[in-house]
Amino acid sequence: PDSGMSIGHIKCFQELARASFVDEKKREDSIICGVGKCSNCSQVRNGILFFEMTLILWKLYDPDSLTRKNVQGIDNKRAIFMRRSLLCLGFALRETDLDSTHIDLISYCRLRILYLTKNVCKQMQLNECARIQLEITEDFKIGEILIRINKYQAAIDFNRRNYEKYLLNITRNPQLKQKSHYVLHTYAQSLFEVFLVSFSESLQKSDAGNDPPYHYLEEAE
């Protein structure tokens with residue numbers, strides 16, 4: 001339904017995003033300053049409206065977040081705003097995922113944003129548990145995108161490292177248990193996708209040397 005909105009109507013929502021950003025309480029409560037839902041009926045906003053509003057927030061938080069060449073030495077507040085800026089841009093790009101014509105380009109852009117976000121987070125003042133939770137969250141998102149763009153071996157290697165990081169830190173930081181589903185699912189999915197691709201290729205070839213990697217399937221289970 002959002003696709004039929006007039007340009008004038010979209011500008012109203014852009015102004016709402018700006019007004020929400022300057023509201024300190026809304027900014028503290030939510031990265032997207034509460035624009036994800038209608039304050040009157042609580043309906044979730046998506047499509048072009050959410051895309052336009054998160055683009056506004058991206059620029060308000062830090063218009064140079066994509067082009068800043070060096071983030072080392074920036075203060076904690078600037079790092080937080082820069083991270084939020086990149087997250088808002090990522091939210092905007094996710095609203096374009098249904099455009100299959102440019103889905104690969106969008107995925108690569110989201111991948112770049114996630115790597116930039118990881119660098120920015122290193123400049124934030126966080127305790128050990130919070131830092132590890134952020135790293136694991138960012139890494140399973142990267143792993144998901146690697147699967148999506150068919151970089152299966154890279155996805156396996158990346159998701160395996162993330163799983164090992166999770167196992168290494170779970171004893172000292174039991175709060176990480178809430179991340180277990182995401183970490184395990186993404187790792188297993190990357191293994192299973194490689195198996196499916198190899199299995200499909202093996203069906204097209206009669207050569208016995210092209211057996212699918214069943215060990216990946218066992219590891220995924």
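Student: Why is leucine 203 called exposed?

Tutor: In this predicted model, leucine 203 has a relative accessible area of 62%, and since a residue counts as exposed when that value is over 50%, leucine 203 is exposed. Leucine 203 belongs to helix α8, which covers residues 180–203, and together with Phe199 and Tyr214 it forms a nonpolar patch on the surface, with about 310 Å² of accessible area.

Student: How do you know that α7 and α8 are roughly antiparallel to each other?

Tutor: Helix α7, made of residues 152–170, packs against α8 at an angle of about 155 degrees, and angles over 145 degrees count as roughly antiparallel, so the two helices α7 and α8 are described in that way. Their axes are 9 Å apart, and α7 passes α8 in a left-handed crossing.

Student: What makes the contact between lysine 25 and aspartate 29 a salt bridge?

Tutor: The nitrogen and oxygen of these two side chains are 2.8 Å apart, and the limit for a salt bridge is within 4 Å, so the pair of lysine 25 and aspartate 29 qualifies. Both residues lie in helix α2, which runs over residues 24–29, and they are 4 residues apart, about one turn of the helix.

Student: Are lysine 25 and aspartate 29 buried or exposed, and how do you know?

Tutor: The cut-off for exposed is over 50%, and lysine 25 has a relative accessible area of 56%, while aspartate 29 has 54%, so both residues count as exposed.

Student: Why is aspartate 62 called buried, and what is arginine 68 called?

Tutor: Aspartate 62 has a relative accessible area of 1%, and because buried means under 20%, aspartate 62 is placed in that class. Arginine 68, at 28%, falls between the limits of 20% and 50%, and is therefore partly exposed. The two residues form a salt bridge, in which the closest N and O atoms are 2.9 Å apart.

Student: What makes aspartate 139 and lysine 165 a pair that links distant parts of the chain?

Tutor: Aspartate 139 and lysine 165 form a salt bridge with the closest N and O atoms 2.9 Å apart, and the pair links distant parts of the chain, with aspartate 139 in helix α6 (residues 128–148), lysine 165 in helix α7, and their positions 26 residues apart. Salt bridges that share partners also join Lys118, Glu135, Asp139 and Lys165 into one network. Aspartate 139, at 5% relative accessibility, is under the 20% limit and so counts as buried, whereas lysine 165, at 23%, is above that limit but not over 50%, and is therefore partly exposed.

Student: Why is serine 42 called partly exposed?

Tutor: The relative accessible area of serine 42 is 48%, which is neither under 20% nor over 50%, so serine 42 is partly exposed. Serine 42 sits in the loop between α2 and α3, and has a positive phi of about 65 degrees although it is not a glycine. Asparagine 150, in the loop between α6 and α7, has a positive phi near 65 degrees as well, and at 49% relative accessibility it counts as partly exposed.

Student: How many helices and strands does the protein have, and what share of its residues is buried?

Tutor: The protein has 9 helices and 0 strands, and buried residues make up 42% of its 221 residues.

Definitions and conventions. Residues are numbered from 1 along each chain as its sequence is written. This is a predicted model: local features need pLDDT of at least 70, side-chain atom pairs count only at pLDDT 80 or more; totals for chains, interfaces and linings use all residues. Side-chain values use heavy atoms; hydrogens and water are left out. Patches are made of residues with over 30% relative accessible area and no salt bridge: like charges are joined within 9 Å, nonpolar side chains (Val, Leu, Ile, Met, Phe, Trp, Tyr) within 5 Å. Accessible areas come from the Shrake-Rupley method with a 1.4 Å probe; for residues, only the protein chains shown count as cover. Buried means under 20% relative accessible area, exposed over 50%, partly exposed in between (1.4 Å probe, protein chains only). Axes are lines fitted to C-alpha atoms, for helices over the stretch in contact, and angles run from 0 to 180 degrees between N-to-C directions. Angles under 35 degrees count as roughly parallel, over 145 as roughly antiparallel, 65 to 115 as roughly perpendicular and the rest as oblique. A crossing is left-handed if the near helix is turned anticlockwise from the far one by less than a right angle, and right-handed if clockwise.
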